[in-house]
Amino acid sequence: MTGEEDLSKLIKHLTPKLNPGKYVFSTVEKDKLIDLHEVIATFKEKEGITIILEQSKADELGLTYDYVASWITLQIHSSLEAVGLTAAFSTALANDQISCNVVAGYYHDHIFVNAIDENKALEVLKRLSN
């Protein structure tokens with residue numbers, strides 16, 4: 001199934017969904033083993049491996065973090081070749097002073113916003129799609 005590429009359709013059908021829980025970004029050394037079932041996403045950088053996981057799991061593992069986020073999934077199946085979607089929603093969020101960290105999955109875009117901004121971010125995204 002191919003994802004949607006038409007920007008107007010993508011924006012119209014964003015359908016943002018707030019996932020339950022609070023999430024954090026942390027980093028681990030390349031030689032530290034973390035069960036992949038514990039994490040939402042990983043990204044290998046030269047300084048270490050960035051991981052995104054539930055705050056409670058990070059606390060259990062004794063990991064450090066600075067940023068507590070809420071996770072919003074855009075329910076539209078966007079193509080990885082779609083142009084402008086990230087710019088559209090990140091600009092809308094920025095206009096309301098909401099930072100966002102984006103992870104593009106194969107099927108959906110996932111937005112991590114400061115936990116204190118989750119309701120405001122959902123309102124902005126719903127307003128954008130109307």
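Visitor: What is the relative accessibility of K57?

Guide: This is a predicted model, where local features need pLDDT of at least 70, side-chain atom pairs count only at pLDDT 80 or more, and totals for chains, interfaces and linings use all residues. Residues are numbered from 1 along each chain as its sequence is written, and side-chain values use heavy atoms, leaving out hydrogens and water. K57 counts as partly exposed (buried is under 20% relative accessible area, exposed over 50%, partly exposed in between; 1.4 Å probe, protein chains only) because its relative accessibility is 26%.

Visitor: Happy with that! How many residues apart in sequence are the parts that K57 and E38 tie together?

Guide: K57 and E38 form a salt bridge (a Lys or Arg side-chain nitrogen within 4 Å of an Asp or Glu carboxyl oxygen), with the closest N and O atoms 3.4 Å apart. K57 sits in helix α2, residues 55-61 (helices are DSSP runs of H or I, at least four residues, and strands of E, at least two, numbered from the N terminus), and E38 in the loop between β1 and β2, so the parts tied together are apart in sequence by 19 residues.

Visitor: And which residue of helix α2, 3 residues from K57, meets K57 in a salt bridge?

Guide: The separation of 3 residues is about one turn of helix α2. The partner is exposed, because its relative accessible area is 61%. At 4.0 Å, N to O, the side chain that K57 meets belongs to E60.

Visitor: Across the fold, which residue of helix α4 pairs with D96?

Guide: D96 is partly exposed at 22%, and its salt bridge spans 3.2 Å, N to O. D96 lies in the loop between α3 and β5, so the pair ties together parts 31 residues apart in sequence, the helix α4 partner being R127.
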